[in-house]
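This briefing was prepared for a reader who has the coordinates open and wishes to follow one strand and its surroundings. Please view the sequence and the structure together before going on.

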Amino acid sequence: EATENPHGVGISPDGKWLYIGAMHRVAATRQVRSVLMVINARTLKLDKLLQGPRADWFHHITGFTDWQGHDRVMVGFGRAAGGGPIYLLDPKDNNRVVKAFTIEDIGYRIGHPYPTVDPTGRFVYIGLHAPPWRGEGHNTAGIAKVNLENNAVTIIPYVGENPIGMAHTSD
């Protein structure tokens, strides 16, 4: 049985796949689990069901083409501050997870799971929650800028209380 409706939906860059996250209660065990439904957009038939690492939301979902021309689907997991991990799927390789951004990768707690990608497809931006500088009188969070080419992380501090959503310009 579905226990919560999806908060976010997404589509692959080529329009072939739809992604819908939900929480289900397994009837036999009564255990709640998070699932990401991968649906064929042409037939509207379920292709696969991916299970999350804990009972929480598959949140914001964004399709994009990276700097090398590969289609990717970015799936934010969790809700509110303390989200993550953030997954990158390859929709042309059976929707395989090709990268996961975790707290260990970023170095700080991931904030609201609403990551964005810049127009070049080379950098992913992930909101941070309660970083160490917050106690230094700035009471603000930060953003992790992740280079997809080499996985280098640059921290952009002092950007507001809990950054939810970012916008990019082409310049």
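What follows takes one strand, its two pairing partners and one of its residues in turn, with every value computed from a predicted model.

**Strand 12 and its partners**

- Strand 12, which spans residues 142-147, is mostly covered, since five of its six residues are buried.
- Strand 11, made up of residues 123-128, pairs with strand 12 in the antiparallel sense over six bridges, and within this pairing Y125 of strand 11 stands opposite K145 in strand 12.
- Strand 12 also pairs in the antiparallel sense with strand 13, residues 153-157, over five bridges, and here G142 stands opposite P157 in strand 13.

**The hairpin**

- Strand 12 and strand 13 form a hairpin with five residues between the strands, and in this hairpin N151 takes a positive phi near 65°.

**I143 within strand 12**

- I143 lies in strand 12, and it counts as buried because its relative accessibility of 11% falls under the 20% cut-off for that class.
- The C-alpha atoms of I143 and Y125 are separated by 6.4 Å, although these two residues are 18 residues apart along the chain.
- When neighbours within four places in sequence are left aside, I143 is in contact with Y125, I126, G127 and L128, with T154, I155 and I156, and with V159, P163 and M166.
- Among these contacts, Y125 is thus a residue that touches I143 and also stands opposite K145 in strand 12.

Terms used:
Residues are numbered from 1 along each chain as its sequence is written. This is a predicted model: local features need pLDDT of at least 70, side-chain atom pairs count only at pLDDT 80 or more; totals for chains, interfaces and linings use all residues. Side-chain values use heavy atoms; hydrogens and water are left out. Buried means under 20% relative accessible area, exposed over 50%, partly exposed in between (1.4 Å probe, protein chains only). Helices (H or I, at least four residues) and strands (E, at least two) are DSSP runs, numbered from the N terminus. Two strands pair if DSSP finds at least two bridges between them. Contact means heavy atoms within 4.5 Å.
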